[in-house]
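Biologist: I am new to this structure and would love a close look at one part of it. Could you walk me through a helix of your choice, with its charged pairs and the empty spaces around it?

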Amino acid sequence: MATSTRTPDTRTLSGILIGLTVLGIALLVANMPSSPLRSGNLELFAIFALPLIISLVAYIRFAEPVVWWEVALLGVWGALGIALTTFVGFLATMGTPGGYPGAGAELIRNIALFFAGTLGLSIPYGLAGRFRREHPQRTVVSALLGSVLLFILFNVVAVAV
């Protein structure tokens with residue numbers, strides 16, 4: 001049997017999820033062009049890494065009991081999904097006309113990409129955690145479809161905005 005921990009405190013994890021979401025938006029707002037905090041690494045962290053962290057916390061929030069190797073496996077799967085999605089998003093937007101759209105449009109695009117990544121992974125990972133005990137097959141399908149939903153949402157936002 002896999003090692004597990006006690007049942008996570010759902011109120012604390014819900015607060016962490018809300019806090020991480022607010023942190024992501026705050027980081028993107030703080031990364032405006034005239035800000036002294038402007039950094040490409042900060043933008044990449046907020047758009048790619050933070051949604052993965054949020055989705056793993058969502059899985060932990062609903063999974064009872066938590067098996068840490070499953071969380072690690074979901075983290076690797078999510079990172080691969082983000083890498084593939086980013087590459088295809090780059091290819092999809094390669095032919096679009098260039099030019100800087102302005103600070104407001106950049107902020108809206110970044111927030112939309114943040115929410116696309118967060119919702120694309122968090123919803124399937126949360127469902128995977130919810131179905132973990134009663135329906136193991138649904139858990140696997142939900143976790144696998146997380147990358148597909150991420151791919152669709154992220155690329156729709158990348159092309160549309």
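Modeller: Happily; what follows is a tour around helix H4, its partners and the spaces it helps to line. Please keep in mind that this is a predicted model.

Let us start with the charged pairs. Side chains of opposite charge can pair when their charged atoms come close. A search of the whole structure finds 3 salt bridges, and we can visit each of them. One joins arginine 38 to glutamate 106, with 3.0 Å between the closest N and O atoms. Glutamate 106 sits in helix H4, which covers residues 103-131, while arginine 38 belongs to the loop between helix H1 (10-30) and helix H2 (40-62), so this pair ties together parts that are 68 residues apart in sequence. The two partners differ in their surroundings: arginine 38 is partly exposed, at a relative accessible area of 35%, whereas glutamate 106 is buried, at 7%.

Next comes the salt bridge between arginine 109 and glutamate 43, at 3.5 Å from N to O. Here arginine 109 is on H4 and glutamate 43 on H2, so parts that are 66 residues apart in sequence are tied together. Arginine 109 is partly exposed, with 27% relative accessibility, and glutamate 43 counts as buried because its relative accessible area of 17% is under 20%.

A further salt bridge, between glutamate 70 and arginine 132, has an N to O distance of 2.7 Å. It links distant parts of the chain, 62 residues apart: glutamate 70 is in helix H3 (residues 68-92), and arginine 132 is in the loop between H4 and helix H5 (136-160). Both of these residues are buried.

Now look at how H4 meets H5. Their axes come within 8 Å and cross at roughly 170°. Since that angle is over 145 degrees, H4 is roughly antiparallel to H5. The contact of H4 with H5 is made of 18 nonpolar, 6 polar and 1 charged residues.

From here we can turn to empty space. Rolling a probe the size of a water molecule over the atoms shows where empty space is left. The largest pocket holds about 560 Å³. It is lined by 22 residues, and the closest to its centre are Thr93, Arg109, Leu113, Ala158 and Val161. Arg109 is the residue we met in the salt bridge with glutamate 43. The elements giving two or more residues to this pocket's lining are H2, H3, H4 and H5. Sorted by class, the lining has 13 nonpolar, 6 polar and 3 charged residues.

The structure also holds 2 cavities of 30 Å³ or more. The largest cavity has a volume of about 50 Å³, and H2, H3, H4 and H5 each supply at least two residues of its lining. Among the residues lining the largest cavity are Phe48, Ile82, Gly117, Leu121 and Phe154. By class, this lining has 7 nonpolar, 3 polar and no charged residues.

The second largest cavity, of about 40 Å³, brings us back to our starting pair. Its lining includes both Arg38 and Glu106, along with residues such as Leu28, Met32 and Asn110. H4 gives the largest share of that lining, 4 residues. The classes there are 5 nonpolar, 2 polar and 2 charged.

Technical notes
Residues are numbered from 1 along each chain as its sequence is written. This is a predicted model: local features need pLDDT of at least 70, side-chain atom pairs count only at pLDDT 80 or more; totals for chains, interfaces and linings use all residues. Side-chain values use heavy atoms; hydrogens and water are left out. A salt bridge is a side-chain nitrogen of Lys or Arg within 4 Å of a carboxyl oxygen of Asp or Glu. Buried means under 20% relative accessible area, exposed over 50%, partly exposed in between (1.4 Å probe, protein chains only). Axes are lines fitted to C-alpha atoms, for helices over the stretch in contact, and angles run from 0 to 180 degrees between N-to-C directions. Angles under 35 degrees count as roughly parallel, over 145 as roughly antiparallel, 65 to 115 as roughly perpendicular and the rest as oblique. Ala, Val, Leu, Ile, Met, Phe, Trp, Tyr, Cys and Pro count as nonpolar, Asp, Glu, Lys and Arg as charged, and the others, Gly among them, as polar. On a 1 Å grid over the protein atoms alone, a cavity is a set of points where a 1.4 Å probe fits but cannot get out, and a pocket is an open set with protein on both sides within 12 Å along at least five of seven lines; lining residues have an atom within 4 Å of a point. Grid points are joined across faces, edges and corners, and a volume is the space filled by probe spheres set on the points.
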